[in-house]
Amino acid sequence: MATGESVKARLQVHLSEFSALTRQLLEVVGGETKPGAGGDHLLSSVLDKLVERDREIQQLTETALEMRSQQREMDQVETELERRTQEISELQSRLQDAEKILELAVYHGKQKLESAKKANEGAVSPEELIQYAHRISQASSTVSPVGWQPTWKFCVSPLPLGILMLPR
């Protein structure tokens, strides 16, 4: 038999041959063939062929059983592979979410560092701040007139005037 054929096809061929040989054996034993000197030889050749086919059928059956167990193992591995692929996809999604969160945290951290750097560059000493507050309170410019509204044009807003803030 050619090795390119499937086990199933070879098994079917051997079973049909076995069936034909069995019919032939029954015909020889049943006496449907003419008795003669060649009858015993025919009987032994049919039996030899039957035994040979039986051996080949058993080997093919064992091969089929091995292939079935290998197929089951392959199915199990495939199932495990699908499960792990799903886990990897889930972990990948979670990693992408974590990456986005970290990018956002780094962005905000850089902004805070930048604003802190700017604040340190233009830092105001506490003494200057106290002097500024003292000048505001001396100018009495932090109090607005009673009933003052921002839309009133005849009154100046209660902000300190620039002239009063100049160093003395």
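**Close-up views of a predicted helical protein**

**View 1. R84 and E80 form a salt bridge in helix 2.** R84 has a relative accessibility of 48% and therefore counts as partly exposed; buried means under 20% relative accessible area, exposed over 50%, and partly exposed in between, with a 1.4 Å probe and protein chains only. The model is predicted, so local features need pLDDT (the predictor's confidence in each residue, from 0 to 100) of at least 70 and side-chain atom pairs count only at pLDDT 80 or more, whereas totals for chains, interfaces and linings use all residues. Residues are numbered from 1 along each chain as its sequence is written, and side-chain values use heavy atoms, with hydrogens and water left out. The closest N and O atoms of E80 and R84 are 2.8 Å apart; a salt bridge is a side-chain nitrogen of Lys or Arg within 4 Å of a carboxyl oxygen of Asp or Glu. Because E80 and R84 are 4 residues apart in helix 2, about one helical turn separates them. E80 is likewise partly exposed, its relative accessibility being 29%.

**View 2. The protein consists of helices without strands.** The protein holds 3 helices and 0 strands, where helices (H or I, at least four residues) and strands (E, at least two) are DSSP runs numbered from the N terminus. Along the sequence, the pattern reads α-α-α. Of the 168 residues, 9% count as buried. The protein exposes about 14,300 Å², of which carbon and sulfur atoms supply 59%; accessible areas come from the Shrake-Rupley method with a 1.4 Å probe, and for residues only the protein chains shown count as cover. Among contacts (heavy atoms within 4.5 Å) with a separation of 6 or more, 55% join residues 24 or more positions apart.

**View 3. Predicted confidence is highest in helix 2.** The mean pLDDT of the protein is 81, and 79% of the residues reach 70 or more. Helix 2 has a mean of 90, while confidence is lowest in helix 3 (residues 126-139), at a mean of 79. Where pLDDT is low, the predicted coordinates should not be read in detail.

**View 4. Helix 1 spans the distance expected from its number of residues.** Helix 1 has 24 residues and should span 34 Å at 1.5 Å a residue; its end C-alpha atoms are 34 Å apart, which agrees. The expected span of a helix is 1.5 Å times one less than its number of residues. V7, R10, H14, L21, L25 and V28 are buried in helix 1. V29 is also placed in helix 1, but at 59% relative accessibility V29 counts as exposed. After helix 1 comes G31, whose phi is positive, near 85°.

**View 5. H14 of helix 1 makes a polar contact with E56.** H14 lies in helix 1 (residues 7-30) and is buried, with a relative accessible area of 8%. Its side chain makes a polar contact with the side chain of E56, at 3.0 Å. A polar contact is a pair of N or O atoms within 3.5 Å; within protein, one must be able to donate a hydrogen and the other to accept it, and residues adjacent in sequence count only if both atoms are side-chain atoms. E56 is partly exposed, at 22% relative accessibility.

**View 6. E56 also belongs to a network of salt bridges.** The linked residues are E17, E52, R53 and E56. Within this network, the side chains of E56 and R53 meet at 3.2 Å, N to O. Both E56 and R53 lie in helix 2 (residues 37-121), 3 residues apart, about one turn of the helix. The structure holds 6 salt bridges.

**View 7. E87 and R83 form a further salt bridge of helix 2.** The side chains of E87 and R83 meet at 2.4 Å, N to O. E87 and R83 are 4 residues apart, about one turn of the helix. E87 is partly exposed at 38% relative accessibility, and R83 is partly exposed with a relative accessible area of 40%.

**View 8. Two residue pairs are separated in sequence and compared in space.** V29 and L43 are 14 residues apart in sequence, and their C-alpha atoms are 7.8 Å apart. M67 and V7 are 60 residues apart in sequence, with 9.3 Å from C-alpha to C-alpha. M67 is found in helix 2 and is partly exposed, with a relative accessible area of 43%.
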